[in-house]
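Biologist: I keep hearing words like "core", "buried" and "hairpin". Can we go through them with an actual model on the screen?

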Amino acid sequence: MKHTVLALDTSTEMCSVALRVGNQWAQRSMLAPREHSQKILTLIDEVLAEFELGLADVEQLVVGHGPGSFTGVRIGVSVAQGLAFSQNLPVVAVSTLAALAQQAIRLHDAKTIVSAIDARMNEVYVAVYHHQAGLAKPTLAPQMASLTALAQQPWWPAGPVTAVGTGWQAYGEILAAGASVQILDDVTLPLAEDMIRLADAGLPAVDAADLEPLYVRNEVTWKKLPGRA
């Protein structure tokens with residue numbers, strides 16, 4: 001585990017930054033639709049200043065690489081690449097859907113989580129996670145689907161489900177389709193601090209040049225991940 005880690009995410013309406021120095025944290029998050037490029041570097045400067053550090057003191061970068069707004073995802077990845085190139089830093093890319101599930105675990109000790117982000121026009125980005133040793137582990141990989149496709153496919157996890165993300169705020173009744181669901185109104189957008197926790201769990205770091213956005217196209221396979229029941 002790296003001692004000083006900086007995370008950023010601009011994939012959704014939320015512009016979020018977190019800095020962990022040892023066991024201490026500094027965080028900034030704000031709703032900034034269409035203003036990410038103007039806000040993100042200021043937020044990074046603020047969390048670094050809170051510890052009287054500079055970018056040269058950061059040992060690892062973490063970035064939310066989607067899915068979400070195409071423009072927001074590109075901004076986050078581009079900023080992370082620029083920072084990483086300037087300091088020769090490794091970058092860990094984290095899914096926004098996984099970060100939402102991790103937030104649900106952190107705040108509510110959720111067990112089975114369906115993350116859904118509103119993709120507009122009756123479509124959502126969706127993934128399923130389970131709680132394992134304090135971490136969100138995927139059972140259904142991130143994908144984009146229409147509400148119609150979701151209603152027709154056998155993707156829903158067994159047992160009680162905790163539901164998070166803007167997709168549930170927009171289409172909760174349709175997504176639930178009568179299933180046992182607890183929709184968390186306080187977990188709607190991903191936060192950078194949860195991305196750091198997921199990066200700690202062993203997600204691979206890549207060179208800045210190899211960092212890629214996770215757009216997730218509408219190619220639904222509904223295959224569970226290997227080794228999942």
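Modeller: Sure, let's check a few of those labels one by one, keeping in mind that this is a predicted model.

Biologist: What makes β2 count as mostly covered?

Modeller: Buried means under 20% relative accessible area. Eight of the eight residues in β2, which spans residues 14-21, are buried, so "mostly covered" fits.

Biologist: And how do you know that both faces of β2 are covered?

Modeller: Look at each side. Met14, Ser16, Ala18 and Arg20 sit on one, Cys15, Val17, Leu19 and Val21 on the other, and all of them are buried.

Biologist: Why are β1 and β2 called paired?

Modeller: Pairing takes at least two bridges. β1 and β2 have six, running antiparallel, so they qualify. In that pairing, Val5 stands opposite Arg20 of β2, and a hairpin of four residues links the two strands.

Biologist: How many bridges do β2 and β3 have?

Modeller: Eight, again in the antiparallel sense, with β3 covering residues 24-31. Ser16 faces Ser29 of β3. Two residues separate β2 and β3 in their hairpin, and Gly22 in that turn has a positive phi of about 65°.

Biologist: Now the core. Which residues of the largest nonpolar core touch the most other members?

Modeller: Val62, Ile113, Tyr125, Tyr129 and Val164, out of 31 residues. Elements giving two or more residues to this core include β1, β7 and α6, while α3 gives the largest share, seven residues.

Biologist: What makes Val17 part of another core?

Modeller: A core joins buried nonpolar residues through side-chain atoms within 4.5 Å. Val17 belongs to a set of 29 residues that lies apart from the largest core, and Leu61, Ala80 and Ala84 are among its members.

Note on methods
Residues are numbered from 1 along each chain as its sequence is written. This is a predicted model: local features need pLDDT of at least 70, side-chain atom pairs count only at pLDDT 80 or more; totals for chains, interfaces and linings use all residues. Side-chain values use heavy atoms; hydrogens and water are left out. Buried means under 20% relative accessible area, exposed over 50%, partly exposed in between (1.4 Å probe, protein chains only).
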